[in-house]
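Colleague: I'm new to this one, and I'd like a close look at a single part, the nonpolar core. Please take me through it slowly, and then show me what lies elsewhere.

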Amino acid sequence: MIDTHAHLDGEEFNADRDEVVKRAREAGVTKIFIPAIDLPSVDSVLATCNRYPGYAYPMIGLHPEEVKAGWRDVLDTMKPAVYQNPAVIAIGEVGLDYYWSREFEHEQLLAFEQQVQWSVETRLPLMIHCRKAQNEMVRLLRRYADDLPGGVFHCFTGNAHEAEELLQFDRFVLGIGGVLTFKKSHLPETLAGVAIDAQDTTASVPNVPLDRIVLETDSPYMAPVPMRGKRNESAYVRFVLQRLAQSYGVSEQQLSDITDANVRRIFGV
């Protein structure tokens, strides 16, 4: 299993980061990918990954909620880490987020487009955050579709139509996390094309093929059932794996092998 999105550098893990990594290893997690969200987190992400070489991998980008009036200076300062550090495996966490406010809507679009251009130039994949902005995001990405190396639509929680629209970008996959396990989640049906309960392993042709999915936690946020309400951590990605395997009617080992292969295809690690 690979956790493709975990904020392991965050202060939530300052007291027990080594123990969190130890539990992840014991749970079968073989890699953890860590995204920057702003300028200070570039240093914390790189330091965390240096602490766990060959296990934690850095992604560098400016999160849309962190885009403010001075975003150009932030990206100018951030850019060398993207272009000059061979350890960086992706540009992220980047994208658009209009959930709380559209105050910096235009700035978010400009910052996202600049980082999309970084992806084209560096051939590093994108780790994309999108909330209440899929139309705008898709419209922007279509201008670069032929040149993009690929990436992940992080924390996908949409419907079948939204999944289909995103999967038109054929080098991209959907990042699936703890929401899949929530009692009222529609994701199992959206992804696998059939509602499956704990006693029913009937499968149909899925809306989203397994070769278009990767696993994630987004820890410390959005812990899966049965850990919901607690601080999330990478070890809990196994609960996402279990629910996803049940939804598709495949073994957990099959699903782990397929999603790991998807990660290697996109990120090269």
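Modeller: Here is a walk through the core, followed by some other spots in the fold.

Two bits of housekeeping first. This is a predicted model, so local features need pLDDT of at least 70 and side-chain atom pairs count only at pLDDT 80 or more, while totals for chains, interfaces and linings use all residues. Residues are numbered from 1 along each chain as its sequence is written, and side-chain values use heavy atoms, with hydrogens and water left out.

Now the core. By a nonpolar core I mean a set of buried Ala, Val, Leu, Ile, Met, Phe, Trp, Tyr and Cys residues joined through side-chain atoms within 4.5 Å. Buried means under 20% relative accessible area, exposed means over 50%, and partly exposed is in between (1.4 Å probe, protein chains only). The largest nonpolar core has 71 residues, and the ones that touch the most other members are Ile60, Phe112, Met137, Leu141, Phe153, Leu174 and Leu191. Helix H8 (residues 237-248) gives this core its largest share, 6 residues. Helices (H or I, at least four residues) and strands (E, at least two) are DSSP runs, numbered from the N terminus. There is also a second, separate core of 13 residues, with Met59, Ala90, Met127 and Val263 among them.

Let's zoom in on Leu174, which sits in strand E7 (residues 172-176). Its relative accessible area is 0%, so it is buried. Contact here means heavy atoms within 4.5 Å. Leaving out residues up to four places away in sequence, Leu174 touches Val152, Phe153, Phe156, Ala163, Leu166, Leu167, Leu191, Val208, Arg212, Ile213 and Val214. Leu215 is 41 residues from Leu174 in sequence, yet their C-alphas are 8.5 Å apart in space.

Next comes Leu191, one of those partners of Leu174. With its neighbours within four places in sequence set aside, Leu191 is in contact with Phe156, Leu174, Ile176, Leu180, Pro206, Asn207, Val208, Ile213, Leu244 and Tyr248.

There are some rings to look at too. Rings of Phe, Tyr and Trp (its six-membered ring) pair if their centres lie within 6.5 Å; planes under 30 degrees apart count as stacked, over 60 as edge-to-face and the rest as tilted. The structure holds 8 aromatic pairs. Phe169 and Phe172 have ring centres 6.2 Å apart and planes at 70 degrees, so this pair is edge-to-face. Phe169 is buried at 6% relative accessible area, and Phe172 is buried too, at 3%. Elsewhere, Phe33, Tyr57 and Phe267 form one aromatic cluster.

Two buried residues with polar or charged side chains are worth a stop. Gln115 lies in helix H4 (residues 105-122) and counts as buried because its relative accessibility is 1%. Not counting residues up to four places away, Gln115 touches Gly61, Leu62, Leu75, Ile91, Val94 and Leu126. Asp16 is in the loop between strand E1 (2-3) and helix H1 (17-27), and at 18% relative accessibility Asp16 counts as buried as well. Under the same four-place rule, Asp16 touches Arg23 and Arg231.

Last, the backbone. Most residues other than glycine have a negative phi, and most peptide bonds are trans. The loop between strand E8 (213-215) and H8 holds Pro220, and the bond from Ser219 to Pro220 is cis, with omega near 15 degrees. Pro226 is in the loop between E8 and H8 too, and a cis bond, omega about 15 degrees, joins Val225 to Pro226. Met222 is another residue of the loop between E8 and H8; its phi is positive, near 50 degrees, and at 30% relative accessibility Met222 counts as partly exposed.
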